[in-house]
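Okay, thanks everyone for coming. I'd like to walk you through one model today, starting with a lysine and then working outward. Have a look at it first.

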Amino acid sequence: MISENKLQEICDKYQINFEKLVKNNPNILSNGEENNIKYVLEFLKNELKISANNIEKCPSILYKAVDNIELNWQFLKKENITVSNIESCLHILSSEPVELKRTYEYIEKNYGLIYLNSNTSILRVKLERIHAIEQNFQELNQKQKLQAATSRLDIDEIKKMIEVCNKNGIEITGSVFMKTADEIEKIVEVCNKNGIEITGTVFMKTADEIEKIVEVCNKNGIEITG
């Protein structure tokens with residue numbers, strides 16, 4: 001546990017936005033320890049040159065499996081994974097080193113470096129999860145399988161989501177895997193009602209957010225575009 005005052009002091013020293021950090025993950029106050037947070041920030045900021053913005057998006061890196069971070073980075077560095085490929089998915093550095101290595105070797109062998117570099121966050125996913133996706137969704141292409149594996153959806157929910165997409169002629173892209181089947185149905189309903197083209201980008205918003213955008217646009221005579 002760490003006090004708000006002490007965390008604020010550390011954040012100021014490393015030019016991290018305290019409010020954003022705590023808002024993104026309040027658990028850092030109950031799970032974080034002063035020495036661990038200092039160690040991780042020193043490594044990320046001064047050695048890897050990770051931006052404050054990316055650290056603020058991933059507060060768990062400051063307290064979760066701290067001992068794994070440097071070990072994992074040394075492995076990734078040896079395999080020529082660059083800092084730019086991991087800075088937006090820092091959580092992979094907290095993975096169990098053995099699991100990280102297993103996933104890396106499997107993806108490299110069966111998918112290739114092009115997929116590894118375009119979806120580096122797959123390295124945080126255990127091999128068993130990837131195998132389960134492959135066995136249940138043979139109709140998906142390689143990119144889609146990795147997107148499904150990195151999503152938070154379980155197997156049954158992914159099946160429902162794919163059924164909804166197929167029913168509505170929706171291309172299955174990365175942003176689609178961010179939503180459940182019910183959420184996609186609601187977004188489709190709102191888009192159809194308002195004449196909005198249903199593309200991958202609309203799934204970055206909720207149905208309620210889209211309705212509010214439409215309301216503001218209509219009120220101000222703004223054309224609804226991408």
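So, K45. This is a predicted model, keep that in mind, and in it K45 is buried but has no salt bridge. Where does K45 sit? It lies in helix 4, which runs over residues 34–47. The nearest side chain of opposite charge belongs to E56, and that one is 7.5 Å away. A salt bridge here needs the nitrogen and the carboxyl oxygen within 4 Å, so at 7.5 Å E56 doesn't qualify.

What does the side chain of K45 reach instead of an acid? It reaches the backbone oxygen of Y14, at 3.2 Å. If you leave aside neighbours within four places in sequence, K45 is in contact with Y14, Q15, I16, I50, A52 and I55.

Q15 is on that contact list, and it has an oddity of its own. Its phi is near 55 degrees, which is a positive value in a residue that isn't glycine. For background, most residues other than glycine have a negative phi. Q15 is in the loop between helix 1 and helix 2, the latter being residues 18–24. Buried or exposed? Q15 counts as exposed, at 64% relative accessibility.

There's another positive phi at A65, near 50 degrees, and again that residue is not a glycine. A65 is also a loop residue, between helix 5 (52–57) and helix 6 (68–78). With 29% relative accessibility, A65 counts as partly exposed.

Okay, back to charges. Side chains of opposite charge can pair when their charged atoms come close. How many salt bridges does the count come to? Eight. Let me go through a few of them.

One is E34 with K6, where the closest N and O atoms are 3.9 Å apart. This pair links distant parts of the chain: E34 is in helix 4 and K6 is in helix 1 (residues 4–13), 28 residues apart. Both partners are partly exposed, E34 with a relative accessible area of 29% and K6 with 24%.

Another is E99 with R102, with the closest N and O atoms 3.2 Å apart. Those two are both in helix 8, three residues apart, which is about one turn of the helix. The textbook background is that an α-helix has 3.6 residues a turn, so residues three or four places apart point the same way. E99 is partly exposed, with a relative accessible area of 21%, and R102 counts as partly exposed too, at 32%. There's also a network elsewhere: salt bridges that share partners join K6, E9, E34 and K38.

And then E79 pairs with K78, the closest N and O atoms being 2.9 Å apart. Here E79 counts as partly exposed at 23% relative accessibility, whereas K78 counts as exposed at 57%.

Now the cysteines, since someone will want to know about disulfides. How many does a search of the whole structure find? Zero. Why does C11 have no bond? The closest cysteine sulfur to that of C11 is in C58, 14 Å away, so it's too far. C89 also has C58 as its closest cysteine by sulfur, and at 9.0 Å that is too far for a bond as well. C11 counts as buried at 1% relative accessibility, and C89 counts as buried at 6%.

Let me turn to helix 10, residues 127–136. Which residues in it are buried? L127, I130, I133 and E134. Why are they on the same side of helix 10? Because they cover an arc of only 125 degrees around the axis. What do the buried residues pack against? Helix 8 (97–110), helix 11 (142–150) and helix 12 (155–167).

Last, the overall picture. The chain comes to 14 helices and zero strands. Its C-alpha trace spans about 55 × 45 × 25 Å along the principal axes. Of the 226 residues, 44% count as buried. And if you take contacts with a separation of 6 or more, 56% of them are between residues 24 or more positions apart.

So, to come back to where I started: K45 is buried with no salt bridge, and its side chain reaches the backbone oxygen of Y14. That's what I've got.

Definitions and conventions:
Residues are numbered from 1 along each chain as its sequence is written. This is a predicted model: local features need pLDDT of at least 70, side-chain atom pairs count only at pLDDT 80 or more; totals for chains, interfaces and linings use all residues. Side-chain values use heavy atoms; hydrogens and water are left out. A disulfide is a pair of cysteine sulfur atoms within 2.5 Å. Buried means under 20% relative accessible area, exposed over 50%, partly exposed in between (1.4 Å probe, protein chains only). Helices (H or I, at least four residues) and strands (E, at least two) are DSSP runs, numbered from the N terminus. The arc is that of the directions from the helix axis to the C-beta atoms. Contact means heavy atoms within 4.5 Å. Lys and Arg count as positive and Asp and Glu as negative; His and the chain ends are not counted. A polar contact is a pair of N or O atoms within 3.5 Å; within protein, one must be able to donate a hydrogen and the other to accept it, and residues adjacent in sequence count only if both atoms are side-chain atoms.
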